[in-house]
Amino acid sequence: MEKTCTKPLNLITDVQGIKVGNAHDANVKTGVSIVMGDEPFVTSAAIHGGAPGTRDVALLEPEQTVDGVDALFLSGGSAFGLESGTGIQNALAKMGRGFDVGGIRIPIVPGAILFDLLNGGNKNWGDISPYNSLGKQAVANAATDFALGSAGAGFGATTADLKGGLGSASTRLSNGATVGALVAVNALGRTTIGSTAHFWAAPFEKGNEFGGKGYPSPMPEDAHKVVTKLPASGDEPTAGSNTTIAIVATDLPLTKAEAKRLAVAAHDGLSRAIWPSHTPLDGDMVFAVSTGKVGNAPALPEFLELCAVAASTLSRAVARGIYNASPMESDLMPTWKSKFGSK
């Protein structure tokens, strides 16, 4: 099937066969994002952070049985956020989606979580967390256009010195297919260079999608200073309290093994956009998705381009998530725009 000629949104949904749904709870200051399509898609994943929190990721390894995934989710809430997957699974089951086991359909919904429990929101939710409901809302909200910044899984995210956020970007490949990225940035480190407004992802920026500032010249003295996010208590950072979780997708047909390699390569996008990344205290992970809607299985040169461009697209998505964050009451960190201005 050929890709329809529509104006790109610079979102992961420019990949044919992809929709994104966001949901949030402003009182708790948390949220959920899902990626889904009209039919299951090939998926794998790579974990390069030292403190991940995940659901059903083992089945995404190339040697495992299940090829098609019904949806992926990114969620706030730390381990509580894994309940988002149950809400998503129930919503998809009502739609008749899922892996057929003896006539019973079980939706396959892997996901990953980030820690946003100390961001100023009210976490006294009682006996029932909001995440099951947020997962269902995210399915209902699935569309091709969606908000960035303080939205979905990035609603309550933070970084070392700025408010975090949900970012997305896309790139058209030379063979006419598309690669896109969705990321919830809650990193231990910084996305900007030292104390400046310049993003580490600047070399990959298209137009002025995150301010158009380029690299600083000369580089500031604190460019490579390791400044990390501290909990509200002022104690040392702890494992699992920081995470950047992402999904990269393409409409090229890939095998599960190729999707695994794509996820590995896309991690370079995190290391080029966040300093430091992949730390022992971050849960950094990337899912890779193939909808197989455009063209044929890529030849080796095409696959090399796909992997390289997936990384640069993910870098851009990281910066766009920070750039588009919005200020809220009880924020513990400034937004990029409130600290540096809108441009």
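1. At 37% relative accessibility, S330 counts as partly exposed. This serine lies in the loop between helix 4 and helix 5 (336-340). Although S330 is a residue other than glycine, its phi is positive, near 75°. The model under discussion is a predicted one, and the backbone values in this note should be read accordingly.

2. A comparable point concerns H278, which is found in the loop between helix 3 and strand 11. H278 is not a glycine, yet its phi is positive at about 55°. With a relative accessible area of 23%, H278 is partly exposed, since the partly exposed class lies between 20% and 50%.

3. Two cis peptide bonds deserve a check against the displayed coordinates. The bond from W275 to P276 is cis, with omega near -10°, and P276 belongs to the loop between helix 3 and strand 11. The bond from S217 to P218 is likewise cis, with omega near -5°; P218 is placed in the loop between strand 9 and strand 10.

4. The largest nonpolar core has 41 residues, and the members that touch the most others are V248, L262, V286, L306 and L314. At least two residues of this core come from each of strand 9 (178-186), strand 10 (243-250), helix 3 (256-273), strand 11 (285-290) and helix 4 (300-323). Helix 4 is the greatest contributor, with 11 residues. In general terms, nonpolar side chains tend to be buried together in soluble globular proteins.

5. L262 illustrates how this core is connected. Leaving aside residues up to four places away in sequence, L262 touches V248, T250, L254, A288, F303, L306, C307 and A310. A second core, separate from the one above, comprises 30 residues and includes F41, V66, V69 and F287.

6. Helix 4 itself merits comment. Its 24 residues reach 35 Å from the first C-alpha to the last, close to the 34 Å expected at 1.5 Å a residue. Of these 24 residues, 18 are buried, so helix 4 is largely enclosed by the rest of the structure.

7. How do helix 3 and helix 4 pack, in angle and in distance between axes? The angle is about 40° and the axes are 7 Å apart; the two helices are therefore oblique to each other. Helix 3 passes helix 4 in a right-handed crossing. On the helix 3 side the meeting residues are E258, R261, L262, A265, A266, D268, G269, L270, R272 and A273, and on the helix 4 side they are F303, L306, C307, A310, A311, L314, S315 and V318.

8. Helix 1 (residues 84-94) and helix 2 (residues 131-140) form another packed pair, at an angle of about 45° and with axes 6 Å apart. This pair is therefore also oblique, and helix 1 passes helix 2 in a right-handed crossing. Helix 1 contributes S84, T86, G87, I88, N90, A91 and L92 to the contact, while helix 2 contributes Y131, N132, G135, K136 and V139.

9. The buried residues of helix 1 are S84, G85, G87, I88, Q89, A91 and L92. These buried positions pack against strand 2 (30-47), strand 3, strand 4, strand 6 (104-106) and helix 2. Just after helix 1, G96 adopts a positive phi of about 80°.

10. Is R55, a residue of strand 3 (residues 54-55), buried or exposed? R55 is buried, with a relative accessible area of 14%, because the buried class covers values under 20%. Not counting residues up to four places away in sequence, R55 touches F73, L82, G85, T86, Q89, V109, P110 and G111. Among these neighbours, G85 and Q89 are buried residues of helix 1.

11. L72 has its place in strand 4 (residues 68-75) and is buried, with a relative accessible area of 0%. Beyond residues up to four places away in sequence, L72 touches S33, I34, V35, F41, T43, P110, I247, F287 and V289. Two of these contacts, F41 and F287, are included in the second core. L72 and G111 stand 39 residues apart in sequence, yet their C-alpha atoms are 5.3 Å apart in space.

How values were computed:
Residues are numbered from 1 along each chain as its sequence is written. This is a predicted model: local features need pLDDT of at least 70, side-chain atom pairs count only at pLDDT 80 or more; totals for chains, interfaces and linings use all residues. Side-chain values use heavy atoms; hydrogens and water are left out. A nonpolar core is a set of buried Ala, Val, Leu, Ile, Met, Phe, Trp, Tyr and Cys residues joined through side-chain atoms within 4.5 Å. Buried means under 20% relative accessible area, exposed over 50%, partly exposed in between (1.4 Å probe, protein chains only). Helices (H or I, at least four residues) and strands (E, at least two) are DSSP runs, numbered from the N terminus. Contact means heavy atoms within 4.5 Å. The expected span of a helix is 1.5 Å times one less than its number of residues. Axes are lines fitted to C-alpha atoms, for helices over the stretch in contact, and angles run from 0 to 180 degrees between N-to-C directions. Angles under 35 degrees count as roughly parallel, over 145 as roughly antiparallel, 65 to 115 as roughly perpendicular and the rest as oblique. A crossing is left-handed if the near helix is turned anticlockwise from the far one by less than a right angle, and right-handed if clockwise.
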